[in-house]
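Subject: Structure for your review

Dear colleague,

Please find below the structure that I am handing over to you. My notes on it follow, and I would ask you to read them with the structure open.

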Amino acid sequence: MTPALSKSERIVSRTNDYTCNEMRKIELYEMGWNLKDGLRECLVAAAPYGGPISLLKGHNRRSPSARPQLEIYSSSGLPLASFPWKSGVVKQLGWTVSDDLLCVQEDGTVLVYDLLGGFKRHFSMGNEVSQSQVLETKIFHSPYGTGVAILTGALRFTLATNIDDIKLRRLPEVPGLQGAPSCWAVLTQDRQSKVLVANGSHLFILDNTACTPVTPPGLSPQASSIVHMCVSFSYKYLALLTDSGHVWMGTSNLKEKLSEVDTKIKTPPKQMAWCRRPKSQQPSAVVMWDGLLIVVGECKETIQYHLDDDSILVPELDGVRIISGTHHELLQEVPGACEEIFKIASMAPGALLLEAHKEYEKESQKADEYLREIKEQSLLSEAVRQCVEAAGHEHEPETQKTLLRAASFGKCFLSNFPPEQFVSMCRDLRVLNAVRDYTVGIPLTHTQFKQMTVQVLIDRLVYRKLYPLAIEICRYLKTPEYQGVSRVLKHWACYKVQQKEESDEVIAKAVSVKLADAAGIFYSEIATKAYESGRTELAIKLLEFEPRSGEQVPLLLKMKKSPLALSKAIESGDTDLVYTVVMYLKNELNRGDFFMMLRNQPVALSLYKQFCKHQEQDTLKDLFNQDDDHEELGNLYVKASYKEQRLEARIALLQSAVDEYYKAKNEFSAKTTEDEMRLLRFQRKLEEEKGELLVGFSLHDTMTTLLSVGLHKHAEQLYKDFRVPDKRFWWLKLKSLAEKEDWEELEKFGKSKKSPIGYLPFVEVCIKHHNKYEAKKYVSKVTPEQKVKAHLAVGDMEGAAEAAIERRNESEISTVLSRCSATTDHLLMERLNRAKATAVKK
Amino acid sequence: ARTVREPGAFRHLTRRSSSRLKELRRITKRCSVRIECIVSLPEDKLQPRDFHILFVPRRSLLCEQRLKEKGVLNSFTNIDEYILDLIPYDGDLLSMESESSFRECYLENDQTSLYHAAKGLMTLQALYGTIPQIFGKGECARHVANMMLRMKREFAGSQTQILPVFDTLLLLDRNVDLLTPLATQLTYEGLIDEIFGITNGYVKLPPEKFAQKKQGEGGKELPTEPKKLQLNSAEELYAEIRDKNFNAVGAALSKKAKIISAAFEERHNAKTVGEIKQFVSQLPHMQAARSSLANHTSIAELIKDITTSEDFFDSLTVEQEFMTGVDTDKVSTYIEDCIAQKDPLIKILRLVCMQSVCNNGLKQKVLDYYKKEILQTYGYKHILTLKNLERVGLLKPQSTMRNNYPTIRKTLKLWMEDANEQNPNDISYVYSGYAPLSVRLTQVLARPGWRSIEEVLKMLPGPHFEERQQVPTGLHKKRQPGENRTILVFFLGGVTYAEIAALRFLSNMEDSGTEYIIAATKLINGTSWIKSLMDSPEENLP
């Protein structure tokens, strides 16, 4: 096949008052396809941004013997897919923002294919549409994605703004509409998609709620009907063609008129499109009839082109592409920088620089003259900038090079000129030239490329399975691996795993080898693809490469590899994930198998036990039983016993606990539990006999209560039965009696036998209850070590001093001294000080 | 706002009147496996309600599953998560505030909080660079380090190019050092926490001491609301005294008082307009300092009332005896007396556990005696609490192995006879003699390194390890001579204020060459810690 030839033609038209836009037509490709009848009798759809082209030949044929053929081509006409159409009658073809083909059928069903002809899914535009059939349909792009608008046989509009999240909207009725409207278009305004409808000379805007009549300002009165309309790529501008042959151009909100031009042709056109560069000052639209193309702008004069062949117009951000049976051309306003440089006899700095460089190449001194001229006006940096910019707008690599060389030459004479623009332009152009190549066929302009971003370009290459080129571009542009190479490799791997002819081992190996060094590969996604294409074994192999356990688990569960899922979840340390698997297994497996699986995974088991503790006490018991964990079973019974109101039930549960504790060989727990049972019985008995509330008290509190109500014998009985240590019992009795201020009983108790806690507590407890008199009774009984403390407690300074001196203990003497007051205990202090001195000497 | 009360998982599902998320008044603190009740609210026709869930610290599939089973998942307009792992508490302190972390890890074998800790550390590394060195001691530390290394692999390729701020991460299990939290903290901040309890950086104090003493205001009424004070290093005076031994606080406060009154006296010297202007400009600062001084003087008085009491002294004496290894192998008369007088149970448990830890387990007879005493006095219901304490190793019967605590104490110099409380020269000042084991391990790691204490490390539970993380070339820190190393110490299972004080002391020590940043699953003290391990079956009564 022949590589694309490219030639530029320029047409300049000038009138007296207005300067019309200069237009240029660039041949992008000579089409590689071989169409017998050209584009005649074909449904054609070409995606913007140099996207693919789809053709449906003979779409109106209904006989099964001659099915229509659906063909998909690249922009250069290379075949991507071709297959006979077996579904219903197609009314419209269109492309989504992610290069998917939409085929809208007569019954309102929309079929979605990928760009290589693979069927993806289908959706319906609703019952109303399928009943009244599709009359006309338009596919549009909005900030929300790709949308579909349908005019039904009942003359009502139905709209879906985003086919990936379908919400059907039925628009209000258009008043007075008898047949199909003369023309209509979809607008995006105020973050809403609206339909603009022309019925004769009447114009309406339909939104969700209302149908509003509108009038374009300054529309010439000769017109009795609007026959065609088109909205600009940015939805900002609107062009209307009337039956009188006038083209009205204005803003799409219909507030402002930009211009109106008479085409002098009254037959309805085949197509009309905006052809306006972003930021351009002037409007321009293209109208196409059979064999004729007219560009209208601000001036009265129009530019006319003859077309040899049936063609279609593809509106772009910065121009219009014209596709015919043999050629593919781009018609656009000449970019500012290019015009400045290439205009005949231009004196713009860029033009001079280009000239200077040419002379320099010829080794002529004129180079210096030109340079001097630019430098004298201090326009050299402007000249360089112009050359770089112009290079970006040129399609011919030779021209690009010439301009860039001139720019580079100019840069030599500038200090501190920022290199970024030049460098990034060189890089961009290299990428653009690569994708514009005939074999790839994505004829992007630099403006379009900047608008669509590298990310999207990479995606588009990936959809076309041009993985090596995508990777080369990522590497060349130094795109972060995460967004660049790794992403492409992932797509490649997803595609690779669907190749049926290769064995699991070969594919797994190929994938792992290619992806080994790439950072941030999500193997789980690749594995999911493998699983979806029915290759479970391959999916498991691939999952092994996934470093994020969290991502492995859901797929493993889906593939019913639950033991593996469980161990992966545990490996991740994410307990929530473990719970997810455990809960899944609980529903999936029978109880025995479930328990067995948990048994082998202690982490999962203990988490499940936590869960059961709060939600399923009975299951917990089964688990402990399975493990013969008698200790825990005992604890469980103890806990349960506290939930019982009835004493008998409570004791019964405690008995079960005792049995378990014995089985666990935990004698201490068993014995104390038995004690508790004994105590409970005792408490209840006494409650019944004496009417004191006792059940649930600790042994200590029970005895205290008994003593406080004078049931000394019963308290003594508990003391003996439960072998309460003497010390504690003495403390308890001492405090209880003092509390009751039963001093007589206390004295008796004190004398009953030698106190195991000594007599200092007696002194202190009496003092605490403000009975100095009683306290003094016990001072004499206190051990020598505690004498000083005891005397001090009852406030007997003399006694304390006496005891301290006797014991010749320095620190005790000091303690007493610190408690003496200088005024009253003067003599005592002297004695103490003397004693202290001797004690120190010793 | 009407809230639906639910214990555990979602404490509150909150209504909001407008469509703004900020209206969410209270958010769930932690989600666990519990959803116990779901209350159905009557349909309010006039005021339709929106319900929202905000999971903290992380969304839980299990929780959503439960809500789905209960059939209410669809009633929520928004289900979202607020990832809250490490919360900054001060310039050098991060906490996860995960109350039950120690209990979950060591008692229930539920390592959820460790997963969150690892996630938190990953976030920290995303912000402050990869930490080149990881040291650790203990099972949980090992687990966290493993998860971190694993997550690091998962994020491969997306690393941020940040010069590492931290040189080393040290992960420490709380169960490596069970002793320290049991001891009564003796720093100013530690004592505030021991006595009044610091929650979320605030302390509530009895109001009496803070009553305005101004006369002529007529109001004799004493404030009844507890006084709430915020405690952090933003307050100049507090920053100065928080980590001092309490015995040195008095002197610091009176010194400060002199400085402040001297500053106020300055006004008499101010003669020119310029001087007066300068004085006035400093006034707000001086007044703030004065009110801060008044507050802390009151707090110090409150604390002093307690620390000078005989009870406090006796109990401290026993603690110190245990820590120095005196009579740890027999029943302590003091504990016996305390039980006999039915002192607060937690006090008893702290002491008994301490004795057990300092003796590397108690003789079966002694242990059973204590247990029986506790059950008879405080009630049988505490049997489960005692079992919990045994399971985490706070209480244990002596094994055949000999008691290794004295060796550990001697090698690590855990007891310093003449601790200088006023002008400390060693971390042991924070417990007036006892140097917290956890901080000693940290100190030794920095210099001369763990290799010197290999033997002791083997005696402590759990593995010790070192890991290195690859730092991209070009991000290797070139330390200037004299520049400090920064070590992040992460306490898994909680950290006490005294330990923090000890680490800050090490940071500030001259020629230490190391600066410490502290992170923990929770700020704890002996009381809150033991409380978290208690099980009260009666609470579950419907």
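Which residues in H3(B) are buried? Please bear in mind while looking that this is a predicted model. The buried residues of H3(B) are B:Thr112, B:Ser113, B:Leu114, B:Tyr115, B:His116, B:Ala117, B:Ala118, B:Gly120, B:Leu121, B:Met122, B:Leu124 and B:Gln125. With 12 of its 17 residues buried, H3(B) is mostly covered. This helix of chain B runs over residues 112-128, and at 1.5 Å a residue it should span 24 Å; its end C-alpha atoms are 24 Å apart, which agrees. After H3(B) comes B:Gly129, which has a positive phi, near 90°.

Helix H10 of chain A

H10(A) covers residues 485-496 and has 12 residues. From its first C-alpha to its last it reaches 16 Å, close to the 16 Å expected at 1.5 Å a residue. Of the 12 residues of H10(A), 9 are buried, so this helix is largely enclosed by the rest of the structure. The buried residues are A:Val485, A:Ser486, A:Val488, A:Leu489, A:Lys490, A:Trp492, A:Ala493, A:Cys494 and A:Lys496. What do they pack against? Their partners are H8, helix H9 (467-476), helix H11 (504-515) and helix H12 (523-532) of chain A.

Two helix pairs in chain A

Two packed helices are described by the angle between their axes and the distance between the axes.

The first pair to examine is H7(A), residues 420-436, with H8(A), residues 446-463. They pack at an angle of about 60°, and their axes are 11 Å apart. H7(A) and H8(A) are therefore oblique to each other. The crossing of H7(A) past H8(A) is left-handed. On the H7(A) side, the contact involves A:Met425, A:Asp428, A:Val431, A:Leu432, A:Val435 and A:Arg436; on the H8(A) side, it involves A:His446, A:Phe449, A:Lys450, A:Leu457 and A:Leu461. By class, this contact has 7 nonpolar, 1 polar and 3 charged residues.

The other pair is H16(A), residues 575-588, with H18(A), residues 602-615. Their axes come within 10 Å and cross at roughly 80°. H16(A) and H18(A) are therefore roughly perpendicular to each other. A:Thr575, A:Val578, A:Tyr579, A:Val582, A:Met583 and A:Lys586 in H16(A) meet five partners that you can locate in H18(A): A:Ala604, A:Leu607, A:Tyr608, A:Gln610 and A:Phe611. The residues of this contact divide into 8 nonpolar, 2 polar and 1 charged.

Two residues in strand E29 of chain A

A:His328 lies in strand E29 of chain A, and so does A:Glu329. Is A:His328 buried or exposed? Its relative accessible area is 0%, so A:His328 is buried. A:Glu329 is buried as well, with a relative accessible area of 15%.

Not counting residues up to four places away in sequence, A:His328 touches A:Ile26, A:Glu27, A:Leu28, A:Tyr29, A:Met31, A:Ser75, A:Arg321, A:Ile322, A:Ile323 and A:Pro443. On the same basis, A:Glu329 touches A:Lys25, A:Ile26, A:Glu27, A:Leu28, A:Val320, A:Arg321 and A:Ile322. A:His328 and A:Phe140 are 188 residues apart in sequence, and their C-alpha atoms are 23 Å apart in space.

Yours sincerely

Terms used: Residues numbered from 1 in each chain as written. Chains lettered and ligands numbered in written order. Predicted model: local features only at pLDDT ≥ 70, side-chain atom pairs only at ≥ 80, totals over all residues. Heavy atoms only, no water. Axes fitted to C-alpha atoms, helices over the stretch in contact; angles between N-to-C directions. Helix = DSSP H or I, 4+ residues; strand = E, 2+ residues; numbered from the N terminus. Parallel < 35°, antiparallel > 145°, perpendicular 65-115°, else oblique. Left-handed = near helix turned anticlockwise from the far one by under 90°. Contact = heavy atoms within 4.5 Å. Nonpolar A, V, L, I, M, F, W, Y, C, P; charged D, E, K, R; others polar. Expected span 1.5 Å × (residues − 1). Buried < 20%, exposed > 50% of the residue type's maximum accessible area, 1.4 Å probe, protein only.
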